[in-house]
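Subject: Structure for your review

Dear colleague,

Please find below the structure that I am handing over to you. I would be grateful if you would read the notes after it with the structure open.

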Amino acid sequence: MGNAKECNSRNIPLPVQREVRQRCGFGCVICGMPLYEYEHMEEWSQVQRHVADEITLLCDQHHREKTGGLLPKEVAREANNNPYNLKEGVSKPYNLYFSGREACVEIGGNSFTCEDQGYGTAMAPISVDGTPLVGLILADGHFLLNLIIFDEFNAPVLHIKNNQLFYSVAPWDIQLVGTTLTVREAHRKILIEIDFHPPGKVVINRGRFLRNGVEILVRPRNILITNNATFLSECHAHNCYGGLIIGHHQQPIGGFMRLDSIPRYLGDRKEVLRFEKECMDKDPVIHQTRN
Ligand SMILES: [Zn+2]
């Protein structure tokens, strides 16, 4: 029966899985861990149905403890009624295994790479108004990844601080599956999708970086700063401190692209996207910028 249960557990319909994630705060209900399994609270052999209210999230350890009987059902049930991440408002941190003397961040087909040159090498592939949205530090064989994702309301929803990943429970959906972390604002609306390739590489091919009315749209093969229709494709920055540097920085950062003043807005970007499409249709090459 164990096998049958496992097989069926994997086939929980996706909307049901999402409902469970939302209700459980995108983490193990007991410890908040962002890596978890879907666990039927009732014996599968008895219920044989996938109802969101009857399914909870448990990390490997707590799942094993529950299956083995060390974790009483009542404790799991209590945690399910009051999940760890919803109590805390933020997920339990998860440590990413980045290391080494070289780092590569690919964003929309553009690459930002650096090698450890001693004294704590740093790089800010994307920085807006003094906040590095993506930052790398290389020191003593450690590659430390830093990242902040803001939502449409300018609130930070996802952090990676020196390889420690944690998120708020505010977004509509967050999922870490395999090496891919996806934050969704709504059905079919991805805020950011990040692919981790430890020990030395990170790839971001879909989503948007938002900060103070700046929107940097990332697609598999390009970046579009929608505020001023700046289009970046196949650019490569190597061993330079600043990548895409937008807005006011108290300590000026040299970058391979610096935009000090940029029109700000929050919201509609249809016009820019239409403009871009018209340009692309006319001549796809002309709007490529190269470093
Ligand atoms: Zn747990």
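The notes below cover the overall make-up, the metal site, the core and the main sheet.

This is a predicted model, in which local features need pLDDT of at least 70 and side-chain atom pairs count only at pLDDT 80 or more, while totals for chains, interfaces and linings use all residues. Residues are numbered from 1 along each chain as its sequence is written, and side-chain values use heavy atoms, with hydrogens and water left out.

Overall make-up. The chain contains seven helices and 20 strands (DSSP runs numbered from the N terminus; helices are H or I with at least four residues, strands E with at least two). Of its 291 residues, 48% are buried (under 20% relative accessible area, with a 1.4 Å probe and protein chains only; exposed is over 50%, and partly exposed lies in between).

Zinc site. The zinc ion has as protein donors Cys28 (SG), Cys31 (SG), Cys59 (SG) and His62 (ND1), at 2.0 to 2.3 Å (donors are N, O and S atoms within 2.8 Å of the metal, or 3.2 Å for Na, K and Ca; water is not among the atoms, so sites may look incomplete). Angles of 96 to 117° among the four donor atoms make the site tetrahedral (for four donors, all angles must lie between 85 and 135 degrees). Along the chain, the donors follow the spacing C-x2-C-x27-C-x2-H. Cysteine 28, in the loop between helix H2 (14-24) and strand E1 (37-40), and histidine 62, in helix H4 (residues 60-68), are 34 residues apart. Cysteine 28 is buried at 0% relative accessible area, and histidine 62 is buried at 12%.

Nonpolar core. The largest nonpolar core (buried Ala, Val, Leu, Ile, Met, Phe, Trp, Tyr and Cys residues joined through side-chain atoms within 4.5 Å) has 69 residues, and Ile107, Leu158, Phe196, Phe209 and Ile216 have the most contacts inside it. Strand E8 (residues 142-150) gives the largest share of this core, six residues. Domain 1 (2-88) and domain 2 (98-282) both contribute residues, so the core lies between them (the bounds come from an automatic or database domain assignment).

Main sheet. An open sheet of eight strands runs in the order E3-E10-E9-E8-E7-E6-E19-E20, with mixed pairing (two strands pair if DSSP finds at least two bridges between them). Strand E7 (residues 131-139) is joined to E8 by six bridges, and the two run antiparallel. Leucine 136 has leucine 145 in E8 as its bridge partner.

With kind regards

Technical notes:
Tetrahedral: all angles 85-135°; square planar, octahedral: opposite > 155°, others 65-115°.
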